[in-house]
Amino acid sequence: MKDLTAYRNIGIFAHVDAGKTTTTERILKLTGKIHKIGEVHEGAATTDFMEQEQERGITIQSAATSCFWKDHQLNIIDTPGHVDFTIEVYRSLKVLDGGVGVFCGSGGVEPQSETNWRYANDSKVARIIYVNKLDRLGADFYRVVKQVEDVLGAKPLVMVLPIGTENDFVGVVDLLTRKAWVWDDSGDPMNYEIQDVPANMVDDVETYREQLIEMAVEQDDEVMEQYLEGEEPDLESLKRCIRKGTRELAFFPTYCGSSFKNKGVQLVLDAVVDYLPNPTEVKPQPEIDLEGNETGTLAYVDPEKPLRALAFKIMDDRFGALTFTRIYSGTLSKGDTVLNTFTGKTERIGRLVEMHADSREEINSAQAGDIVAIVGMKNVQTGHTLCDPKNPATLEPMVFPDPVISIAIAPKKKGSSEKMGIALSKMIQEDPSFHVETDQESGETIIKGMGELHLDIKVDILKRTHGVEVDVGKPQVAYRESITKRIEDSYTHKKQSGGSGQYGKIDYVIEPGEPGTGFQFESKVTGGNVPREFWPAVQKGFENSIQKGLLAGFPCVDFKVTLTDGAYHPVDSSAIAFEIAAKSAYRQSFGKASPQLLEPIMKVDVFTPEDYMGDVIGDLNRRRGMIKSQEKTLTGARIKADAPLSEMFGYIGDLRTMTSGRGQFSMEFSHYAPCPSNVAEEVIKEVKEREEAAK
């Protein structure tokens, strides 16, 4: 059995362009996994192995790799930073024990950093912080530390201080040992010297070291007492306190460096080993029943216990489907039969591989704590639990956001429809935030995703990976419908035609709910006028109807139905009669309750050189954007706004034109808000015209 205490399952996550993939490359070089460093901007990074990643210089799908540092095995996942691929970060964090949050020394805490940090908080993942790119113009370690406190509401525990800034950045001072690590300009990460603290930094080092010790000793009463009596804790005790605080998310050890210039990465690796938890120290995963409620049993990380594993990613490549799996307990070997609790079917494990980006090493078995890929699983999808057939159990599944944008696609060649269908079904399995449906009226294939770039990449993958060229329609926004008025109403469903009839009468209230509450149902029937066994049928009737609103056919959200009274017939009433009554009631009452159209509002974050700030703000106002904040940075200005998705198509092109190619932006879904009436009318008209054309 492997020693689980020497394992670290970690993810590297950050905003676009903070240097995650470059940092991963440096880690692989330092740990001896690769001998030549591949650069992202040259399209040669090990973990960016998709053609699309190499061309665009961004990470699209998370890549897994393993390496060793100081006799510890590190299983590392390099995740994407772009908002359209947030799903990759979410599902990676779900199965990891620790993370490294990378922040850009000049950009600081950017919007996607906030989203990723929130996901990591939700998954209760212990993290260390690494402030990268300190060699960049405008880099300021202390400013980023302050932003982590203010914007993320987190407690950074400063472990090192930078020596020099921007072009003069040469190394860091380790506060625990009071030693300076200074690198030369050769670019070789091994060319460093450990020196005394520079004279001009001695006071700062002592101040920050005192803060570090004060925060650390709070984790241990005995060490704290000694410290208050004037006795400084030894290095081992301090490290033990820091490890405990990191595991319990009391604070986040914070490091800095420049991955591109190979400065500072060793200390981050040491911190991963010293402070991030091993698989046995992480809170065990709760097991759930078929309804999704926790059973009270926990899947402890233990090779001796029955098998519990979570499939967190499906990837299709030239050798067949790869199912990335995190094993929580038990062992998994070639030839084993496992049960998929979601489908209720068993499958045999054919081949097990350990991944290194897109290359792989065959292994015979894996155990609790491992992250491996299984080759050729047929019916497993993201979030499914694999377990011992004799000891079935389900782990908490993953929840994915709904898509906000859709486009219609059609194969350019008539005969490619089947090929496109097969390719799309593989792509759905790989990416749960990517949806495909067929428009019933027009017969068009509609693909849905998290943003323009997301769908752009999918069309590109169809063409290059699967050899299917498609014509792409205009992007469509995922609107929703809701109501604004409370209505009390009644509906009777009566049908008599030879044999037994159908009868169901319901009295009900339909009222608007709070934003984000979806659909709620409650029954207040007393006295048995509508027997309890028919309540679920009434709920089902409404639930099935809300997929199609009456304004323009968009799903209906944020309203509540309360069943108040009704009547039934001892012979003719049935569940189906009450279900039909509810469906008809929805159609009858929805129009009376002043329905309205809701549109997706995006959180937009724009960076622009200061000279163009007025133009950018004016343009956002024209797009019905609501400016939330504007702040000047050393290299330009950042503008945060809320803007409707429908107005943001093609924004990157306009922004680049306005700012002479120097502007950048990112956006992510924020919430749904009512559409202005002129916009709503236009949308409803467009939908009706499309339906007419389809006929």
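Colleague: Which residue stands opposite Ile 487 in S32?

Modeller: This is a predicted model, in which local features need pLDDT of at least 70 and side-chain atom pairs count only at pLDDT 80 or more, while totals for chains, interfaces and linings use all residues. Residues are numbered from 1 along each chain as its sequence is written, and side-chain values use heavy atoms, with hydrogens and water left out. Helices (H or I, at least four residues) and strands (E, at least two) are DSSP runs, numbered from the N terminus. In S32, the residue opposite Ile 487 is Ile 510.

Colleague: Over how many bridges do S31 and S32 pair?

Modeller: Two strands pair if DSSP finds at least two bridges between them. S31 runs antiparallel to strand S32 (residues 502-512), and the number of bridges is nine.

Colleague: Which strands stand at the edges of the sheet that contains S31 and S32?

Modeller: The sheet is open, with mixed pairing and the strand order S31-S32-S34-S33. An edge strand has a single partner, so one side of it is left without a neighbour in the sheet; the two concerned are S31 (487-495) and S33 (519-523).

Colleague: At about what angle does helix H13 run to S32?

Modeller: Helix H12 (residues 535-545) lies across S32, S33 and strand S34 (559-567), at about 155 degrees to S33. Angles run from 0 to 180 degrees between N-to-C directions, and axes are lines fitted to C-alpha atoms, for helices over the stretch in contact. Helix H13 (residues 575-590) lies across S31, S32 and S34, and its angle to S32 is about 40 degrees.

Colleague: How are H6 and H8 oriented to each other?

Modeller: Helix H6 (residues 202-217) packs against helix H8 (residues 235-247) with axes 8 Å apart and an angle of about 65 degrees. Leu 212, Ile 213, Ala 216 and Val 217 of H6 meet Leu 238, Cys 241 and Ile 242 of H8 in this contact, where contact means heavy atoms within 4.5 Å. Angles under 35 degrees count as roughly parallel, over 145 as roughly antiparallel, 65 to 115 as roughly perpendicular and the rest as oblique. H6 and H8 are therefore roughly perpendicular.

Colleague: Is the crossing of H14 and H15 left-handed or right-handed?

Modeller: The axes of helix H14 (residues 613-622) and helix H15 (residues 651-658) come within 10 Å and cross at roughly 150 degrees, which makes the two roughly antiparallel. The contact involves Asp 615, Val 616, Asp 619 and Leu 620 of H14, with Tyr 651, Leu 655 and Met 658 of H15. A crossing is left-handed if the near helix is turned anticlockwise from the far one by less than a right angle, and right-handed if clockwise. For H14 and H15 the crossing is right-handed.

Colleague: Which helix gives the most residues to the largest nonpolar core?

Modeller: A nonpolar core is a set of buried Ala, Val, Leu, Ile, Met, Phe, Trp, Tyr and Cys residues joined through side-chain atoms within 4.5 Å. The largest has 73 residues, and Val 100, Met 159, Ile 242 and Tyr 255 have the most contacts inside it. With eight residues, the helix that gives the most to this core is H9 (residues 265-275).

Colleague: How many of the eleven residues of H9 are buried?

Modeller: Buried means under 20% relative accessible area, exposed over 50%, and partly exposed in between (1.4 Å probe, protein chains only). The buried residues of H9 include Val 268 and Val 272, both of which are in contact with Val 100. H9 is largely enclosed by the rest of the structure, because its buried residues number ten.

Technical notes: Lists of a residue's contacts leave out its neighbours within four places in sequence.
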